[in-house]
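Welcome, and please get your viewer ready. We will take a short walk through one chain, stopping at a few selections along the way.

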Amino acid sequence: MEADTCKQCAQFFSVPKDADDYEAGKADCVLEKEDEKGKYWLSKPVTENSKRCDSFRLKR
């Protein structure tokens with residue numbers, strides 16, 4: 001298994017094959033945040049081989 005990549009992160013969500021923006025290995029990194037108004041989610045495009053970031057959480 002490749003070490004330290006986004007594909008191993010719990011916040012990694014592959015783009016479905018039937019989506020308009022599908023590309024092999026393309027995904028969204030979805031981070032749950034919370035402030036005084038409530039919870040919200042931020043997403044950014046990544047690839048499965050992108051290097052891990054500071055928000056990395058290993059999938060269980």
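Start at the pairing of the strands: select Asp-35 together with Gly-38, and you will find Asp-35 opposite Gly-38 of strand 3. Keep in mind throughout that this is a predicted model.

**The whole chain**

Now zoom out and show the chain as a cartoon. You should see 3 strands and 0 helices, following one another along the sequence as β-β-β. The C-alpha atoms fill a box of roughly 40 × 30 × 20 Å along the principal axes. Switch on the surface for a moment: the accessible area is about 5000 Å², and carbon and sulfur atoms contribute 47% of that. Of the 60 residues in the chain, 22% are buried. If you like contact maps, open one here: among contacts with a separation of 6 or more, 41% join residues 24 or more positions apart.

**The sheet**

Next, colour the strands one by one. They make an open sheet of 3 strands in the order 1-2-3, paired antiparallel. Which strands stand at the edges? Select 12-14 for strand 1 and 38-47 for strand 3: each has a single partner strand, so one side of each is left without a neighbour in the sheet. Turn the view to look across the strands, and you can follow the twist, as neighbouring strands are turned by 30° against each other on average, direction ignored.

Then select residues 26-35, which are strand 2. Strand 2 pairs with strand 3 in the antiparallel sense over 10 bridges. The Asp-35 and Gly-38 you selected at the start stand opposite each other, with Gly-38 in strand 3.

**Gln-11**

Move on to Gln-11, in the segment before strand 1. Is this residue buried or exposed? Gln-11 has a relative accessible area of 7%, and the cut-off for buried is under 20%, so Gln-11 counts as buried. To see what surrounds Gln-11, show its contacts beyond the neighbours within four places in sequence: they are Asp-28, Cys-29, Val-30 and Leu-31, along with Ser-55, Phe-56 and Arg-57.

**A patch on the surface**

For the last stop, bring the surface back and select Tyr-40, Trp-41 and Leu-42. These residues form a nonpolar patch on the surface, and together they have about 330 Å² of accessible area. Finish by picking out Leu-42, which lies in strand 3. Leu-42 is partly exposed, with a relative accessible area of 42%.

Terms used
Residues are numbered from 1 along each chain as its sequence is written. This is a predicted model: local features need pLDDT of at least 70, side-chain atom pairs count only at pLDDT 80 or more; totals for chains, interfaces and linings use all residues. Side-chain values use heavy atoms; hydrogens and water are left out. Two strands pair if DSSP finds at least two bridges between them. Helices (H or I, at least four residues) and strands (E, at least two) are DSSP runs, numbered from the N terminus. Axes are lines fitted to C-alpha atoms, for helices over the stretch in contact, and angles run from 0 to 180 degrees between N-to-C directions. Buried means under 20% relative accessible area, exposed over 50%, partly exposed in between (1.4 Å probe, protein chains only). Contact means heavy atoms within 4.5 Å. Patches are made of residues with over 30% relative accessible area and no salt bridge: like charges are joined within 9 Å, nonpolar side chains (Val, Leu, Ile, Met, Phe, Trp, Tyr) within 5 Å. Accessible areas come from the Shrake-Rupley method with a 1.4 Å probe; for residues, only the protein chains shown count as cover. A salt bridge is a side-chain nitrogen of Lys or Arg within 4 Å of a carboxyl oxygen of Asp or Glu.
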